[in-house]
Amino acid sequence: MNAIDRALGSAKPLTLYGVEIPSRLLLGTARYPSPQVLSDAVKASRAGVLTVSVRREQARGNTGMRFFELIKGLGVRVMPNTAGCRTPREAITTAQMARELFATDWV
């Protein structure tokens, strides 16, 4: 056990909306050079929550579904966000799609 493991082991768990999160670290999914680097970073960080910009991933076209499958496969709670939306209607629509895509009310 290293110093980080000892410090994390003594931390009180974070609870959001009645859900205990194993780590207080929230990690974004943008700007990784490859899916493998993203996957490795998530696993190494032991993040409790991943934030995902649904709108920005939609803009990438055909790679969007592969990205969403990668995220789901990491086994970390996902908190989609509406970054990149320009209007309230666009943000609401994106949030509704995120709820369906990730089966979560966390947005």
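The paragraphs below walk through a predicted model, from its sheet to a few single residues. Because the model is predicted, local features need pLDDT of at least 70 and side-chain atom pairs count only at pLDDT 80 or more, while totals for chains, interfaces and linings use all residues. Residues are numbered from 1 along each chain as its sequence is written, and side-chain values use heavy atoms, with hydrogens and water left out.

A good place to start is the open sheet, in which three strands follow the order β3-β4-β5 with parallel pairing. Strands here are DSSP runs of E with at least two residues, helices are runs of H or I with at least four residues, and both are numbered from the N terminus; two strands count as paired if DSSP finds at least two bridges between them. The edges of the sheet are formed by β3 (26-28) and β5 (77-81), and since each has a single partner strand, one side of each is left without a neighbour in the sheet. From one strand to the next, the twist averages 30°, an angle taken between N-to-C directions, on a scale from 0 to 180 degrees, of axes that are lines fitted to C-alpha atoms, for helices over the stretch in contact. Between β3 and strand β4 (residues 49-53) the parallel pairing runs over three bridges, and Leu27 stands opposite Leu50 in β4.

Strand β1 (residues 14-16) holds Leu14, which counts as buried because its relative accessibility is 19%, where buried means under 20% relative accessible area, exposed over 50%, and partly exposed in between (1.4 Å probe, protein chains only). Not counting residues up to four places away in sequence, Leu14 touches Val19, Glu20, Ile21 and Arg24, a contact being heavy atoms within 4.5 Å. Leu14 and Gly48 are 34 residues apart in sequence, yet their C-alpha atoms are 9.1 Å apart in space.

Helix α5 (residues 88-102) contains Glu90, a residue that is buried with a relative accessible area of 18%. When neighbours within four places in sequence are left aside, Glu90 is in contact with Arg55 and Cys85.

Two residues deserve a look for their backbone. Most residues other than glycine have a negative phi. Tyr17, in the loop between β1 and β2 (19-21), nevertheless has a positive phi of about 55°, and Tyr17 is exposed at 76% relative accessible area. Ala103, in the segment after α5, has a positive phi of about 50° although it is not a glycine, and Ala103 is exposed with a relative accessible area of 71%.
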